[in-house]
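Here is a set of worked exercises for you to try with the model open beside you. Attempt each task before reading its solution.

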Amino acid sequence: MVVVMEQRASEDEVQHIIATLVEQGFDVHRSTGALRTVLGAVGGNRSFDERLINVMDGVQEVVRITEPYKLASRTFKPERTVVAVGDVRIGGDEVIVMAGPCSAESEEQVETVAAALAGAGAKLLRGGAFKPRSSPYSFQGLGEEGLKLLRSAADRNNLKLVSEVMEIGQIELVARYAHMLQVGARNMQNFNLLRELGKTRTPVLLKRGISATIEEWLLSAEYILSGGNTDVVLCERGIRTFERYTRNTLDISAVPVVHKLSHLPIIVDPSHGIGLRDKVAPMARAAVAAGADGLIIEVHPDPDHALSDGAQSLFPGQFDRLMAELRIIAPAIGRSICVEPVPRRGWGA
Ligand code: PEP
Ligand code: MN
């Protein structure tokens, strides 16, 4: 249930309600908005009579959350969440673009691409050091060495770093280098991993599972939120359907659906969503037009020789052109997108 406090409720009144709910076995999550405090009570005594709370001093109303996910719902938190990754704010007016190679491969590759991306207006560098590959014979990533390369390229180019964590044992290591931890599609329902990420305070990028419904995806977010980590960004990356002309079917309808159901930001990954380089830009444009809070795009300085996902990776020049197009689309729906790219370092047009 959600307890909405009156605007003028005192701190003592809030504390009294919290104590009462805890006594009844509820886990209480507090959200203090600009206008009022809202308490989300999860679990607890099923037969608890909520009217007991309704009549207490300082309470405006008690609302039952009917959705199976509670803390991720708009009922619990009507205003949108803005997730801060360092000084980058995801979920505000600005559309945030993350870009980079599928995998870190070499110092030269990572450095070249990071400089190009920063010049074009990306805010986060993406890149995997631990790769979830469908085949055990495919390139599995450079591990810690890859994280080091990615982090130093990100720092040199004033970018934040997002990188994937595949298992509990990697969290500490990846969080030492990355500003944001990516949970890949194949791990969306690795509930033990999600629980552990709930204990960290590093923002999490939670990709949608290959065949997950939006409800299942929001329940996965709930695992992280209920552990106390409120910095969760959702990422639509395409789902598996009967269609075979594209790698996945990018479900852009997830953007407005999630925005209605949840306060969490949602970004779109058109690269994995469609899997074909020439179709990445149209899907990226559509995602921004649909209201996505950001994009994550694979870009490689030499995609034809990439060790993973080359066919869906953009050349830096294509990324540049896409950013210029997004700068026209975003304002049309009241958003901005890195209006003044930082001066370019070492990448011609
Ligand atoms: C990736 O981002 O490179 C990746 C493996 O993504 P997904 O988990 O969406 O397949
Ligand atoms: Mn990839």
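**Exercise 1. Decide whether Asp-309 is buried or exposed, and describe its setting.**

Step 1: Asp-309 has a relative accessibility of 18% and therefore counts as buried; buried means under 20% relative accessible area, exposed over 50% and partly exposed in between, with a 1.4 Å probe and protein chains only.
Step 2: Asp-309 sits in the loop between β14 and α11. Helices (H or I, at least four residues) and strands (E, at least two) are DSSP runs, numbered from the N terminus.
Step 3: Check the backbone: phi of Asp-309 is near 55 degrees, a positive value in a residue other than glycine.

A word on the source: this is a predicted model, in which local features need pLDDT of at least 70, side-chain atom pairs count only at pLDDT 80 or more, and totals for chains, interfaces and linings use all residues. Residues are numbered from 1 along each chain as its sequence is written, chains are lettered from A and ligands numbered from 1 in the order in which they are written, and side-chain values use heavy atoms, with hydrogens and water left out.

**Exercise 2. Find which protein atoms are the donors of the manganese ion (ligand 2).**

Step 1: List the donors, meaning N, O and S atoms within 2.8 Å of the metal (3.2 Å for Na, K and Ca); water is not among the atoms, so sites may look incomplete. They are Cys-102 (SG), His-272 (NE2), Glu-298 (OE) and Asp-309 (OD), at 2.0 to 2.4 Å from the manganese ion.
Step 2: Place them along the chain, where their spacing reads C-x169-H-x25-E-x10-D.
Step 3: Look at two of the loops. Cys-102 belongs to the loop between β7 (96-100) and α3 (107-120), and Asp-309 to the loop between β14 (294-298) and α11 (316-332), so this pair ties together parts 207 residues apart in sequence.
Step 4: Cys-102, like Asp-309, is buried.

**Exercise 3. Describe the surroundings of Arg-277.**

Step 1: Arg-277 is located in the loop between α9 (270-274) and α10 (280-289).
Step 2: Leaving out residues up to four places away in sequence, Arg-277 touches several residues, including Pro-303, Asp-304, Gly-310 and Phe-315; contact means heavy atoms within 4.5 Å.
Step 3: Another residue that Arg-277 touches is Ser-313, whose backbone oxygen lies 2.6 Å from a polar atom of the Arg-277 side chain.

**Exercise 4. Work out which residues of α10 are buried and how they are arranged.**

Step 1: Val-280, Ala-281, Ala-284, Ala-287 and Val-288 are buried in α10.
Step 2: Seen down the axis of α10, these buried residues fall within an arc of 120 degrees, so they line one face of the helix. The arc is that of the directions from the helix axis to the C-beta atoms.
Step 3: Recall that an α-helix has 3.6 residues a turn, so residues three or four places apart point the same way.
Step 4: The cover over the buried residues of α10 includes β13 (266-268), α9, β14 and α11.
Step 5: Just after α10, Gly-291 adopts a positive phi of about 105 degrees.

**Exercise 5. Trace the closed barrel and its strand order.**

Step 1: Eight strands form the closed barrel, running β7-β8-β9-β10-β11-β12-β13-β14 with parallel pairing; two strands pair if DSSP finds at least two bridges between them.
Step 2: On average, neighbouring strands of this sheet are turned by 25 degrees against each other, direction ignored. Axes are lines fitted to C-alpha atoms, for helices over the stretch in contact, and angles run from 0 to 180 degrees between N-to-C directions.
Step 3: For one pair, take β11 (residues 204-207) and β12 (residues 232-236), joined in the parallel sense over four bridges. Here Val-204 stands opposite Val-232.

**Exercise 6. Set out the order of the open sheet and find its edge strands.**

Step 1: The four strands are ordered β2-β3-β1-β4, with antiparallel pairing.
Step 2: β2 (26-32) and β4 are the edge strands, each pairing on one side only.
Step 3: Turn to β1 (residues 2-5), which is covered on both faces: Val-2 and Val-4 are buried on one side, Val-3 and Met-5 on the other.
Step 4: Match the partners: Met-5 is opposite Val-59 in β4, and Val-2 is opposite Gly-40 in β3.

Definitions and conventions: A polar contact is a pair of N or O atoms within 3.5 Å; within protein, one must be able to donate a hydrogen and the other to accept it, and residues adjacent in sequence count only if both atoms are side-chain atoms.
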